[in-house]
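Work through the exercises below with the sequence and the model open. Each task is followed by its solution, taken in steps.

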Amino acid sequence: PSSTDSPAVGTPRRALDMLVASLRNTDGKVPVEVRANICALVGHLGRAGVVPESRAQDVQTMKESMRELLVAASKETGLVGAPAKKALDAWA
């Protein structure tokens, strides 16, 4: 079941919503190490052959939801920038 609620407005309903909200980190409470691990996780999941073809639509949804955040994160200095860039490179 899809959630149309934005994680920034309501309680996230899907795991993807939680990842998006955590990477977005609007309240500044998510540790940088967690944000870096989220980048590494979604980068890995987005690689060809990692997730079964039956879940291709879920992977596409993840990429669409995360791409803009990863681009912004890839410009950060410190622990988050490098894993975000690697994630985007893995998706290319």
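**Exercise 1. The buried side of H4**

Task: Determine which residues of helix H4 (residues 81-91) are buried, and which helices they pack against.

Solution. Keep in mind that this is a predicted model. Step one is to list the residues of H4 under the burial cut-off of 20% relative accessible area. Gly81, Pro83, Ala84, Ala87, Leu88 and Trp91 are buried in H4. Step two is to look for their partners. The buried residues of H4 pack against helix H2 (32-45) and helix H3 (56-74).

**Exercise 2. Geometry of the H2-H4 pair**

Task: Find the angle and the axis distance at which H2 and H4 pack, then classify the arrangement.

Solution. Two packed helices are described by the angle between their axes and the distance between the axes. Take both values for this pair. H2 and H4 pack at about 10 degrees, and their axes lie 8 Å apart. Angles under 35 degrees count as roughly parallel. H2 is therefore roughly parallel to H4.

Next, name the residues that make the contact. From H2 come Ala36, Cys39, Ala40, Val42 and Gly43. From H4 come Pro83, Ala84, Ala87, Ala90 and Trp91. Finally, sort them by class. The contact of H2 with H4 has nine nonpolar residues, one polar residue and no charged residues.

**Exercise 3. Leucine 23 and its surroundings**

Task: Place leucine 23 in its helix, decide whether it is buried or exposed, and list what it touches.

Solution. Start with the helix. Leucine 23 sits in helix H1 (residues 15-24). Its relative accessible area is 3%, so leucine 23 is buried. The buried residues of H1 are Leu16, Asp17, Val20, Ser22 and Leu23. H2 and H3 are among the elements that cover them.

Now collect the contacts, leaving out residues up to four places away in sequence. Leucine 23 touches Arg35, Ile38, Cys39, Met66, Leu69 and Leu70. Check one of these by backbone distance. Leucine 23 and leucine 70 are 47 residues apart along the chain, and their C-alpha atoms are separated by 8.3 Å.

**Exercise 4. Salt bridges**

Task: How many salt bridges does a search of the whole structure find? Work out three of them.

Solution. Side chains of opposite charge can pair when their charged atoms come close. The search of the whole structure finds four salt bridges.

- Arginine 14 and aspartate 17 meet through their side chains at 2.9 Å, N to O. Arginine 14 is partly exposed at 23% relative accessibility. Aspartate 17 is buried at 4%.
- Arginine 35 and glutamate 76 form a salt bridge at 2.9 Å, N to O. This pair links distant parts of the chain, 41 residues apart: arginine 35 is in helix H2, while glutamate 76 is in the loop between H3 and H4. Arginine 35 is buried, with a relative accessible area of 9%. Glutamate 76 is partly exposed at 32%.
- Aspartate 89 and lysine 85 form a salt bridge at 3.4 Å, N to O. Both lie in helix H4, four residues apart, about one turn of the helix. Aspartate 89 is partly exposed at 47%. Lysine 85 is partly exposed at 46%.

**Exercise 5. Backbone after H1**

Task: What is the sign of phi at asparagine 25, and where does this residue lie?

Solution. Begin with the expectation. Most residues other than glycine have a negative phi. Asparagine 25 has a positive phi of about 50 degrees, although it is not a glycine. Then locate the residue. Asparagine 25 follows H1 and lies in the loop between H1 and H2. Last, check its burial. With a relative accessible area of 16%, asparagine 25 is buried.

**Exercise 6. The chain as a whole**

Task: Give the order of elements from the N terminus on, then describe burial, contacts and exposed surface.

Solution. Count the elements. The chain has four helices and zero strands. From the N terminus on, the elements run α-α-α-α. Turn to burial. Of the 92 residues in the chain, 33% are buried. Then consider contacts between residues at least 6 apart in sequence. Among these, 48% join residues at least 24 apart. Close with the surface. The chain exposes about 5,900 Å², and carbon and sulfur atoms supply 54% of that area.

Technical notes:
Residues are numbered from 1 along each chain as its sequence is written. This is a predicted model: local features need pLDDT of at least 70, side-chain atom pairs count only at pLDDT 80 or more; totals for chains, interfaces and linings use all residues. Side-chain values use heavy atoms; hydrogens and water are left out. Helices (H or I, at least four residues) and strands (E, at least two) are DSSP runs, numbered from the N terminus. Buried means under 20% relative accessible area, exposed over 50%, partly exposed in between (1.4 Å probe, protein chains only). Contact means heavy atoms within 4.5 Å. Accessible areas come from the Shrake-Rupley method with a 1.4 Å probe; for residues, only the protein chains shown count as cover. Axes are lines fitted to C-alpha atoms, for helices over the stretch in contact, and angles run from 0 to 180 degrees between N-to-C directions. Angles under 35 degrees count as roughly parallel, over 145 as roughly antiparallel, 65 to 115 as roughly perpendicular and the rest as oblique. Ala, Val, Leu, Ile, Met, Phe, Trp, Tyr, Cys and Pro count as nonpolar, Asp, Glu, Lys and Arg as charged, and the others, Gly among them, as polar.
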